[in-house]
Amino acid sequence: MPDISTLAFWLLAAMTIAAAGAVVLLKNIVHSALYLVLTFVGVAGIYVLLQAEFLAAVQVLVYAGAVAVLIVFAVMLTRRGDIRASNLFNINYLAAAVVSLALFMVITMATGRMAWMATPGQAPASNVGAIADAFLGRFAIPFEIAAVLLLVAIVGAILLARGGKEEQ
Amino acid sequence: MENIFTDLAALINGFLAGAPPWLQTLAMGIVYLVGVLAFIFLNAIYLIYLERKISAYMQQRIGPNRLGPHGLLQSVADAVKLLGKEDIIPRGADKWVFIIASVIIFIPAVMVYAIIPFGKGMIPVDLNIGVFYFLAVASMTTIAILMGGWGANNKYALLGSMRAVAQMVSYEIPLTFSLLGVIMLAGSLQTSQIVAAQSNVWYILLQPLAFLIYFIAATAEVNRAPFDLVEGEQELIAGPYIEYTGMRYALFYLSEYANLVSVSALAVTLFLGGWQGPWLPSWLWFLIKVYIMIFIFMWLRWTFPRIRIDHLLSFNWKVLLPLSLANILVTGVGIKIYQLLTLGRW
């Protein structure tokens, strides 16, 4: 009988990739968004296998939970009459191929160069404290800058949506 | 009496003594799941009865009183009736989304019970990120409601689910922030440790504001009046649930009451000392406290009229959110001052 965690990994990986494929290939944009939930949950499952429960919970709360908002925007912003043909292919195959290939190469190189640490034995029982130390200690400034960046993005989005010069 | 449930679990575990470890883990997991499901079903059935009785008393009516003594069997009869109803799927519906939504709504409702300490040593899974797990899993409810509302292909259902997203995503934030005060005091996300930390003083005394914010936000999260805009019988005729019939409708109803019990149980765990109490068995204390919380939720529901959607959202962003942030700040400063006074250092 094979190792259960290996089996679980392959099942989760297959589910994640199949769901990610469905996100791209399905023609109904709401179905695509729902498969995105499945993709994120699959990734969260892989985090659980790596004993990073906190990260898995963040993945579910932040990414999978936010898909609800994504769907609302998809419904509100889709101008097509027929929702069944709201996520179609277009004809820019060449540009898409170039961009995807470049992205794929960057990711492959990045993962290839990474020196993977194989931790001996068990991971620590609780990694919440370590994550907090990293966020609020060593990486406090990048963390805060990212927060300000997000705030700017939100304010900008609201301004764009409301229209800057609209008279009250 | 105290150990009745832990003894039962130990007994079942004893049967499996010779089995391989993975089988033991699996079997015990199923035992816990069955226990939690029984808890949810029994509670939900009698909460519906309780809600009808309480609403009746508040409106000077009698409420269900025909089936069984004092109408105690009314909910059972209703459940049987729902089981026998035809399962109707509208022709224009997004069929699979519509069907799956009624099942998915129940998954987070059950999963959150994993970290609830029902009594001394009676916690299904003692996760070290307990409270955070609860919040993460509970956030998936929004998607299920949205799926139901979208799948029905009905304008009232879609409007209701749009409201659900606006309301539940917004109120999640003060809900989470109100729990941070407790987590800072306990120094842990683990529900068993938070209960243990309250052996001297319940956190409702140290965090009254956080409790109030949690209570309001939780009412909004479980879509109960005065925050039941998602269903809004008078304007949206039950919102996302409008096209559901029979057992699918019952699943939505069931998970609504399951969520009511779980947010009450979380309030008891974090603010009311969990299962701790004198004389009576710990699980009985837990149940008594949960039912006090549920009674307050019902009291609120039958006392206040529904709030308007723009008031609902501005109340969240302009009142609850700043208050919960201030509560975190005051708690942090308070902890440091306390440490300075007692330990003589930060």
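Trainee: How many residues of chain A are in contact with residues of chain B, and how many of chain B are involved?

Mentor: First, keep in mind that this is a predicted model. The size of an interface is often given as the accessible area lost when the parts come together. Here we can count residues instead: 19 residues of chain A are in contact with 21 residues of chain B.

Trainee: Which elements give two or more residues to the side of chain A that touches chain B?

Mentor: Look at α2 (29-49) and α3 (53-77) of chain A. The largest share comes from α3(A), with 12 residues. As for character, the residues on that side of chain A divide into 16 nonpolar, two polar and one charged.

Trainee: Moving to chain B, what does its secondary structure come to?

Mentor: Chain B has 15 helices and zero strands. Its radius of gyration is 21 Å, close to the 20 Å that the globule rule gives for 346 residues, so chain B is as compact as a globular protein of that length. Along its principal axes, the C-alpha trace of chain B spans about 70 × 60 × 45 Å. Buried residues make up 43% of the chain's 346 residues. And among contacts in chain B with a separation of 6 or more, 77% join residues 24 or more positions apart.

Trainee: How should I read a pair of packed helices?

Mentor: Two packed helices are described by the angle between their axes and the distance between the axes. Try α2 (residues 21-58) and α13 (residues 246-271) of chain B: their axes come within 9 Å and cross at roughly 100°. That makes α2(B) roughly perpendicular to α13(B).

Trainee: Which residues meet there, in α2(B) and α13(B)?

Mentor: From α2(B) come B:Ile40, B:Asn43, B:Ala44, B:Leu47 and B:Ile48, and they meet B:Leu254, B:Tyr257, B:Ala258, B:Leu260 and B:Val261 in α13(B). This contact divides into nine nonpolar residues, one polar and no charged. An α-helix has 3.6 residues a turn, so residues three or four places apart point the same way.

Trainee: And α1(B): how many of its 12 residues are buried?

Mentor: The number is zero, so α1(B) lies largely in the open. This helix covers residues 4-15 and reaches 17 Å from its first C-alpha to its last, close to the 16 Å expected.

Trainee: Where is B:Arg306 found?

Mentor: In the loop between α14 (282-301) and α15 (309-343) of chain B. B:Arg306 is partly exposed, with 16 other C-beta atoms within 10 Å. Leaving aside neighbours within four places in sequence, B:Arg306 is in contact with B:Ala225, B:Pro226, B:Asp228, B:Leu229 and B:Gly232.

Technical notes:
Residues are numbered from 1 along each chain as its sequence is written. Chains are lettered from A and ligands numbered from 1 in the order in which they are written. This is a predicted model: local features need pLDDT of at least 70, side-chain atom pairs count only at pLDDT 80 or more; totals for chains, interfaces and linings use all residues. Two residues are in contact if their C-beta atoms, placed from the backbone, lie within 7 Å. Helices (H or I, at least four residues) and strands (E, at least two) are DSSP runs, numbered from the N terminus. Ala, Val, Leu, Ile, Met, Phe, Trp, Tyr, Cys and Pro count as nonpolar, Asp, Glu, Lys and Arg as charged, and the others, Gly among them, as polar. The expected span of a helix is 1.5 Å times one less than its number of residues. A residue is buried if 20 or more other C-beta atoms lie within 10 Å of its own, exposed if 12 or fewer, and partly exposed in between; C-beta atoms are placed from the backbone. Axes are lines fitted to C-alpha atoms, for helices over the stretch in contact, and angles run from 0 to 180 degrees between N-to-C directions. Angles under 35 degrees count as roughly parallel, over 145 as roughly antiparallel, 65 to 115 as roughly perpendicular and the rest as oblique. The radius of gyration is taken over C-alpha atoms; the globule rule is 2.2 Å times the number of residues to the power 0.38.
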